[in-house]
Amino acid sequence: DKWERIGRCETGLNWRHSNSGYQGAFGFAISSWDAFAPARFPDEAWQATPWQQYVVAVWRSHYHSNHD
């Protein structure tokens, strides 16, 4: 699966990954999470469930595919 490979590459698939600039299994920039996460999702990517992180990753990917 594409997203599993990305997560393994970015953080070793650590869903709770958090440092000063990147969070969650996919290494979301804090600004990306803020821009693409729905209002009902946690404020920080590392607090989100794996499913929530996946949803935001797919949405962000589709957005950039259509706006680049």
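I take partly exposed to mean a relative accessible area between the buried limit of under 20% and the exposed limit of over 50%. The model I am reading is predicted.

**Salt bridge**

I searched the whole structure and found 1 salt bridge. It joins Arg 8 to Glu 4, with the closest N and O atoms 2.9 Å apart. I placed both residues in helix H1 (residues 2–11), where they are 4 residues apart and therefore separated by about one helical turn. I looked up exposure next. Arg 8 has 48% relative accessibility, so I noted this residue as partly exposed. Glu 4 is also partly exposed, at 36%.

**Aromatic pairs**

I then turned to the rings, taking centres within 6.5 Å as a pair. The count came to 6 aromatic pairs. One of them is Phe 28 with Trp 33: I read 5.1 Å between ring centres and 65° between planes, so I entered the pair as edge-to-face. Both residues went down as buried, Phe 28 at 5% relative accessibility and Trp 33 at 2%.

I also looked up Phe 41 and Trp 51, whose ring centres are 6.3 Å apart with planes at 55°, so I entered this pair as tilted. Phe 41 sits in the loop between helix H2 (30–36) and helix H3 (50–67), while Trp 51 belongs to helix H3, so the pair ties together parts 10 residues apart in sequence. Phe 41 is buried at 6% relative accessibility, whereas Trp 51 is exposed at 54%.

**Cluster**

Last, I followed the ring pairs from residue to residue. They link Trp 3, Trp 15, Phe 26, Phe 28, Trp 33 and Tyr 54 into a cluster.

Conventions:
Residues numbered from 1 in each chain as written. Predicted model: local features only at pLDDT ≥ 70, side-chain atom pairs only at ≥ 80, totals over all residues. Heavy atoms only, no water. Phe/Tyr/Trp six-rings, centres within 6.5 Å; stacked < 30°, edge-to-face > 60°. Buried < 20%, exposed > 50% of the residue type's maximum accessible area, 1.4 Å probe, protein only. Helix = DSSP H or I, 4+ residues; strand = E, 2+ residues; numbered from the N terminus. Salt bridge = Lys/Arg side-chain N within 4 Å of Asp/Glu carboxyl O.
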